[in-house]
Amino acid sequence: MSAYETLAKRWDAVFMRNYGIPPMAIARGDGCWVWDADDKRYLDLVGGIAVSSLGHAHPAIVEAVSRQVARVAHTSNLYINEPALALAERLAGLLISAGGSDDVRVFLCNDGTTANEAAIKIALRAAGSGRRRFVAAERSFHGRSLGALALTGKAAIREPFAPFGIDVTFVPYGDAEALAGAVDDRTAAVFLEPTLGEAGVVPPPAGYLAAARRACDETGALLVLDEVQGGIGRTGAWFAHQHDGVAPDVVTLAKGLGGGLPIGACLARGRAAEALQRGDHGSTFGGNPVSCAAALAVLDTIERDRLLDHVTAVGGAWKSALEQVEGPGLQSVRGRGLWLALQLDGEAAGRVEAAGRDAGFIVNAVAPDAVRLAPPLILSAEQARSFVDALPGILAAAGAEAS
Ligand SMILES: *Cc1c(COP(=O)(O)O)cnc(C)c1O
């Protein structure tokens, strides 16, 4: 029995059934490479779902986390800890320099879901009793807790747990008119991803986020942008919404922010920044110094190594090269920076993922007909090229043209 088979058997015996049995076990990583439990090496083009922004075992993360865990690992929010404070200052500064007013405040939490939960409470507090409605997008993903799930536009994962006690109107993503029609003076907030992540890296049409901003301004609703997947450099900008020239009231972050350590953040400006009153919200682990030290190392490294420019250059060249691939069953490539999706002709994404694994590449079947690429931001041009070269063979092995 392989090491994987032994682990898979143990997994199947003890874990709840919500994930199924994963098809591989990752034992260790270095940069953009990972090794499975049987010591086979892969190029990691998923990065733990857009999380491992500096790759694996990056010296800056190892150093920052080791130093902080040896100093103090946890304080709670009963006390000030400087890594959390420094991180909040840095994040506020990034949002201010992205444009819009400079009255930004920060709430630190543990992941994307808790960042969106904070945004929901901010919206309800800022709105008052007459405005309890939300508008969100069909096919969106905002998390699995009952609040974040209520805003998630995927019926298959939402409906089994409905109703939620949160009044949400769903509109087709990218349709500015439908959005404007759904927002009124009873709307507390509009929740949008700057590009749909879990629906398959689907960017909105030009002007869509700006139209959402206008609809909010005209009615007094807050614009909440969920940058959990797209934020912190993934598109070549600190925030994906910077490409659209809009200034949201609330931004949520997580995934790549911690470079592999769990952390989330909710950033708000103006009346949204002032909405939560003492006692309104909290988190035991939010602002955890070890996670904050990791996030500071991520921000420092992105700046020091000019990774935003790197992502723009490598991602742009990668997308062009992938578009030239004459592989069977490959229809188009979408996305920006190091956040791309291969649109297939048929529902072959699961087979492409498996064939990629056989060929030594980790990719993600994000939808039945789409394969997501969200590698570490340090992916080199040569590594990107190696996947382009391998892709025709992967598509052929997957029988991608067959369905
Ligand atoms: C992953 C994701 C979430 C949920 O984040 P968790 O860290 O899993 O709680 C929320 N919104 C978006 C856009 C995401 O991609």
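These points cover the ligand site, two helices and one loop residue of a predicted model.

1. Ligand shell. Twelve positions line the ligand, and they come from several parts of the chain: Asp 111, Gly 112, Thr 113, Asn 116, Phe 141, His 142, Gly 143, Glu 193, Asp 226, Val 228, Gln 229 and Lys 255. By class, the shell holds two nonpolar, six polar and four charged residues. Helix 5, residues 112-127, is the element that gives the most to it, with three residues.

2. Polar contacts of the ligand. An N or O atom in the side chain of Thr 113 sits 2.5 Å from a ligand oxygen. A ligand oxygen is also 2.9 Å from a backbone N or O atom of Gly 112. At Phe 141 the partner is a polar backbone atom, 3.3 Å from a nitrogen of the ligand. The ligand taken alone would expose 380 Å², of which the protein buries 83%.

3. Start of helix 5. Asp 111, itself part of the ligand shell, caps the N-terminal end of helix 5. The cap places a side-chain oxygen of Asp 111 at 3.3 Å from the backbone nitrogen of Thr 113. Thr 113 thus appears twice, since its side chain also has an N or O atom 2.5 Å from a ligand oxygen.

4. Body and end of helix 5. The helix runs for 16 residues and spans 22 Å between its first and last C-alpha, close to the 22 Å expected at 1.5 Å a residue. Its buried residues are Gly 112, Thr 113, Ala 115, Asn 116, Ala 118, Ala 119, Ile 120, Ile 122 and Ala 123. Gly 112, Thr 113 and Asn 116 are also in the ligand shell. Just past the helix, Gly 128 has a positive phi of about 85°.

5. Helix 9. This helix covers residues 208-219, twelve in number, and reaches 17 Å from first to last C-alpha, close to the expected 16 Å. Buried here are Tyr 208, Leu 209, Ala 211, Ala 212, Arg 213, Ala 215, Cys 216 and Thr 219. The buried residues pack against helix 8 (176-182), strand 7 (187-192) and strand 8 (222-226). Gly 220 follows helix 9 and has a positive phi, near 85°.

6. Ser 52. Where does Ser 52 lie? It is in the loop between helix 2 (47-50) and helix 3 (59-71). Ser 52 counts as buried because its relative accessible area is 9%, below the 20% cut-off. Setting aside neighbours within four places in sequence, Ser 52 contacts Gly 47, Gly 259 and Pro 376.

How values were computed: Residues are numbered from 1 along each chain as its sequence is written. This is a predicted model: local features need pLDDT of at least 70, side-chain atom pairs count only at pLDDT 80 or more; totals for chains, interfaces and linings use all residues. Side-chain values use heavy atoms; hydrogens and water are left out. A residue is near a molecule or strand if one of its heavy atoms lies within 4 Å of it. A polar contact is a pair of N or O atoms within 3.5 Å; within protein, one must be able to donate a hydrogen and the other to accept it, and residues adjacent in sequence count only if both atoms are side-chain atoms. Accessible areas come from the Shrake-Rupley method with a 1.4 Å probe; for residues, only the protein chains shown count as cover. Helices (H or I, at least four residues) and strands (E, at least two) are DSSP runs, numbered from the N terminus. Ala, Val, Leu, Ile, Met, Phe, Trp, Tyr, Cys and Pro count as nonpolar, Asp, Glu, Lys and Arg as charged, and the others, Gly among them, as polar. Buried means under 20% relative accessible area, exposed over 50%, partly exposed in between (1.4 Å probe, protein chains only). Contact means heavy atoms within 4.5 Å. The expected span of a helix is 1.5 Å times one less than its number of residues.
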